[in-house]
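Trainee: I've got a model open and I'd like to learn how to read it feature by feature. Can we go through it together?
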Amino acid sequence: MSKPGPSKKSLKQLHLQHHYADLGEVFGTFTAPTPIRNPHIIHINKSVMRLLGIDPAEADNPDWAQLTSGNKLFSGSKPFAMKYTGHQFGGYNPELGDGRALLLGEVENEGKRWDLHLKGAGKTPYSRFGDGRAVLRSTIREYLAGEALTALGIRSTRALCIAGSSEPVARETMETGAALIRVARSHIRFGHFEYLFYTRQLEAQKKLVEFVCAEFLPESIDKPIQDQAEALLRFTVRRSAELAAGWQSVGFAHGVLNTDNMSIIGDTFDFGPYGFLDDYEPGFICNHSDHTGRYAFDAQPGVVLWNLNALAHAFSSLLDTEVLKDCLGQFQPLLIEHYAELMRAKMGLAAEDDGDQQLCADLLQLLEQGRVDYSLFFRALSHYSGERPAATLESLVPPSEHDALGSWLRRYDQRLQKETRPAQDRSRAMLATNPKFVLRNYLAQRVIEAAEAGDYQPLGILFDLLQAPFAEHPGFEAWAEAPTDAGKHLPISCSS
Ligand SMILES: Nc1ncnc2c1ncn2[C@@H]1O[C@H](COP(=O)(O)OP(=O)(O)OP(=O)(O)O)[C@@H](O)[C@H]1O
């Protein structure tokens, strides 16, 4: 008997569930979206449609514009604003919650449940002074970043589609209003647990632990609540360590690592003023409101651990201090192990050797001193072979660092001799690890400006490149080229 193929539902057949919203009124408020004016679809993500079991042929269905703008609801949808709190820049803020987004419901496909979350859906009880809206610029940035990270193998929320509108939205300047449907296996943040802890709602907190465990740690569901809470905390610590290691390895700076932006399942969550490194600059601060560098690139692992401490504190109603400490103690070894593994892969080292971490640290120091482009260097290293001259690598490094590069390459050559994998296979593996295309800020800015002028084609081109970042795409190299060095370092706008 042949296996049934993947599900291909039409939009009409898509029926949303609402396990989260049904947990009770403590967890949020049912809220109807406020539709945006004259909506039109700007881009739709066929990969995410497949993930949800929707037939990609449905991409042309005119209903998408209505569904993404809140004018129409998916079958079964019961839009719900989730309540959470969180630590922002180190201070506790009890007033948070979905202020401009709504959990529309959940889609089940191939045994997995996916949340659909409409961002830019209008005011909710948690909007405070906000207008409940999202703008095209930040919506496109979120849409692209989720895809870029996913393609690089880093856990992230993604988006199903973006709708534009004729509605102006006031930020630092007047901008174009837009909305996006975010898709993730869970929208539960560290801040969900902090909210229940600080408002002393212990029974609800237990319910939330059980809810997450039932979905992600099914082996723990028959166990006592303390065991479930411990399993969940260990799971989040592990996932967060993997996430931080992943960001550091690809040169991604999140920019606003508040605990309300930390996913309990370790997805990259909430894309604001993020940035991918151009030159290797460990202290890179992509968020211009981050005056102390709290969320600088090289501060990320430490701040993720800080956030895990805040989460562990919220779990202190369920777990003893010793258990909490033990869970948090897992973070650093997991981070180091995972980062070392990812960097070995970037250097093309299949086997493990004692000197690898030092070799990597010395390379990073060289890249920092020479202000060398991080992604270009590793891509060029993927083509390097000891027998061929290192001309491409030299062209990326300033003359002042050529001697240092030469001596590093001699050590690298010696290290490669210990590898049993043929050079060709190593190069192939490195080219599938070190991307040809990363989401540089000037690229995002270029497609945003085109979209703001009504041209969505560049967005489509960049989207396709980011979904396949390891391929060469020869026709698009010139398109993706930085116009000038100054253009490469465009400032990142912070308001969203
Ligand atoms: N324009 C707005 N109107 C109402 N609330 C807003 C607005 N912008 C942000 N908020 C709320 O302020 C808080 C912090 O915002 P932040 O920018 O971190 O999140 P976000 O991008 O709005 O949403 P998410 O974290 O779901 O991606 C959140 O509670 C958010 O809902």
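Trainee: Let's start with strand pairing. Which residue is the bridge partner of Leu116 in strand 10?

Mentor: That would be Val183. Keep in mind that this is a predicted model. When you look at a pairing, ask which strands are involved, how many bridges join them and which way they run. Here, strand 7 and strand 10 run antiparallel and are joined by 5 bridges.

Trainee: And on the other side of the pairing list, how many bridges join strand 6 to strand 7?

Mentor: There are 8 bridges, and this pair is antiparallel too. For reference, strand 6 covers residues 101-109, strand 7 covers residues 112-119, and strand 10 covers residues 174-184. Two pairs to click on: Val107 sits opposite Trp114 in strand 7, and Glu108 has Arg113 as its bridge partner there.

Trainee: What should I look for in the turn?

Mentor: Check how many residues link the strands, then check their backbone angles. The hairpin of strand 6 and strand 7 has 2 residues between the strands, and Glu110 takes a positive phi near 45 degrees.

Trainee: Are these strands mostly buried or exposed?

Mentor: Buried. In strand 6, 7 of the 9 residues are buried. Strand 7 has 6 of its 8 residues buried, so the rest of the structure largely encloses it. When you go through a strand residue by residue, remember the general pattern: in a regular strand, side chains alternate between the two faces of the sheet.

Trainee: Now the annotations. Which residues does UniProt place under "binding site"?

Mentor: With annotations, note the status of the entry before anything else. The UniProt entry, which is unreviewed, places that feature at Gly97, Gly99, Arg100, Lys119, Asp131, Gly132, Arg182, Arg189 and Asp270. A "binding site" annotation from the unreviewed entry also covers Asn261 and Asp270.

Trainee: Where does Lys119 sit, and what does Lys119 touch?

Mentor: Lys119 is in strand 7. Leaving out residues up to four places away in sequence, Lys119 touches Arg100, Ala101, Ala134, Ala179, Leu180 and Arg182. Lys119 counts as buried because 23 other C-beta atoms lie within 10 Å, and the cut-off for that class is 20 or more.

Trainee: So how does Arg182 look?

Mentor: Arg182 is found in strand 10. Arg182 counts as buried because it has 24 C-beta neighbours inside 10 Å. Beyond residues up to four places away in sequence, its contacts are His117, Lys119, Thr157 and Ala159.

Trainee: Where are Asn261 and Asp270?

Mentor: Asn261 lies in the loop between strand 11 and strand 12, and Asp270 is placed in the loop between strand 11 and strand 12 as well. A loop position doesn't settle burial, so count neighbours. Asn261 is buried, with 20 C-beta neighbours inside 10 Å, and Asp270 is buried with 22. Apart from neighbours within four places in sequence, Asn261 is in contact with Val256, Phe269 and Asp270, while Asp270 touches Val256 and Asn261.

Trainee: Which residue does UniProt list as "active site"?

Mentor: The unreviewed entry lists Asp260. Asp260 lies in the loop between strand 11 (252-253) and strand 12 (275-276). Asp260 is buried because 22 other C-beta atoms lie within 10 Å. Setting aside neighbours within four places in sequence, Asp260 contacts Tyr84, Gly86, Gln88, Leu96, Arg189 and Gly191.

Trainee: How many residues surround the ligand?

Mentor: For a ligand shell, take the count, the closest members and the classes. There are 16 residues around the ligand, and Gly99, Arg100, Ser127, Gly130 and Asp270 are the closest. By class, the shell has 3 nonpolar, 8 polar and 5 charged residues.

Trainee: Could we contrast that with His15?

Mentor: Sure. His15 lies in the segment before strand 1 (28-30). With 13 other C-beta atoms within 10 Å, His15 is partly exposed. Not counting neighbours within four places in sequence, His15 is in contact with Ser75 and Gly76. The C-alpha atoms of His15 and Gly86 are separated by 32 Å.

Trainee: Last one: how is the protein divided into domains?

Mentor: Check whether each domain is one stretch of chain. The division gives domain 1 (21-187), domain 2 (191-252 + 294-340) and domain 3 (349-431). The centres of domain 1 and domain 3, taken over C-alpha atoms, are 42 Å apart.

Note on methods
Residues numbered from 1 in each chain as written. Predicted model: local features only at pLDDT ≥ 70, side-chain atom pairs only at ≥ 80, totals over all residues. UniProt positions renumbered as here; feature names shortened; annotations may be inferred. Helix = DSSP H or I, 4+ residues; strand = E, 2+ residues; numbered from the N terminus. Buried ≥ 20, exposed ≤ 12 C-beta atoms within 10 Å, placed from the backbone. Contact = placed C-beta atoms within 7 Å. Near = placed C-beta within 6 Å. Nonpolar A, V, L, I, M, F, W, Y, C, P; charged D, E, K, R; others polar. Pairing = 2+ DSSP bridges. Domains from an automatic or database assignment.
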